[in-house]
Amino acid sequence: MSDLLRLLGGDVAAAARGLLGRTLISEIEGASSAVVLTEVEAYGGEDDPASHSFRGRTARNAAMFGPPGMLYVYRSYGIHWCLNAVTGPEGRGSAVLLRGGIPIGGIEQMEQRRGRSDHVADGPGRLAQALGVTGDHNGASLSVGPVRIEGVPARGKITVGPRVGISRATDRPWRFLLELV
């Protein structure tokens, strides 16, 4: 079992922390792009009222219930694609929202996809757009698919706080940010 799958197979908050500083790579439409993950949020499954899986499995959230290491992609407010790393045991419905990163490869391609050179990957919708991720990638493997998480975490200072953009379970300190050193 790979280091990534071991990490994602455990507790969702620990998995979220462990994803910080790793490299998120997309190889889509013949272009390779990469970011260092610097912001993530944990969503704990059916016991987390803020999680998409809180009310159980649906056609929309089915990938969340898959084995750890799958990509769960959903449309936010009908506008932006957002990507998540599925965690925990299969059937749990927990995932880590990949909220942002620092571009390190394929930057021109990411800027072209975003139509700008600032704020390229600092937000979940911006990150997905910069990497070219869409709903077509839902359910793909984060180990061997076109969107992958690789490497060992970069060093830095981790800050923990409440999740943002939600109205339930706002007290859980499950938003993690990495300041690279």
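**Exercise 1. Aromatic contacts**

Task: State how many aromatic pairs the structure holds.

Solution: The structure holds one aromatic pair. The model is a predicted one.

**Exercise 2. A charge over a ring**

Task: Find which residue lies over the face of Trp174, and decide whether the cut-off distance for a charge over a ring is met or missed.

Solution: Step one: the residue is Arg172. Step two: Arg172 is 5.1 Å from the ring centre of Trp174. Step three: the cut-off is within 6 Å of the ring centre, so the distance condition is met.

**Exercise 3. The largest pocket**

Task: Describe the largest pocket by volume, lining and residue class.

Solution: Start with the volume, about 630 Å³. Next, take the lining: 30 residues contribute to the largest pocket. Nearest its centre lie His52, Tyr74, Ser76, Tyr77 and Gly165. Then turn to the elements. Four strands, β2 (31-43), β3 (71-76), β4 (80-87) and β5 (94-105), each supply at least two lining residues, as does α4 (124-131). Finally, sort by class: 13 nonpolar, ten polar and seven charged.

**Exercise 4. The second largest pocket**

Task: Identify which element gives the largest share of the lining of the second largest pocket.

Solution: First, the space: about 160 Å³ lies in the second largest pocket. Second, the lining: it includes Ile28, Glu29, Trp81, Arg113 and Val133. Third, the elements giving two or more residues to this lining are β4 and α4. Of these, α4 gives the largest share, with three residues. As a last step, divide the lining by class: five nonpolar, five polar and two charged residues.

Notes
Residues are numbered from 1 along each chain as its sequence is written. This is a predicted model: local features need pLDDT of at least 70, side-chain atom pairs count only at pLDDT 80 or more; totals for chains, interfaces and linings use all residues. Side-chain values use heavy atoms; hydrogens and water are left out. Rings of Phe, Tyr and Trp (its six-membered ring) pair if their centres lie within 6.5 Å; planes under 30 degrees apart count as stacked, over 60 as edge-to-face and the rest as tilted. A charge sits over a ring if NZ of Lys or CZ of Arg is within 6 Å of the ring centre and within 35 degrees of the ring normal. On a 1 Å grid over the protein atoms alone, a cavity is a set of points where a 1.4 Å probe fits but cannot get out, and a pocket is an open set with protein on both sides within 12 Å along at least five of seven lines; lining residues have an atom within 4 Å of a point. Grid points are joined across faces, edges and corners, and a volume is the space filled by probe spheres set on the points. Ala, Val, Leu, Ile, Met, Phe, Trp, Tyr, Cys and Pro count as nonpolar, Asp, Glu, Lys and Arg as charged, and the others, Gly among them, as polar.
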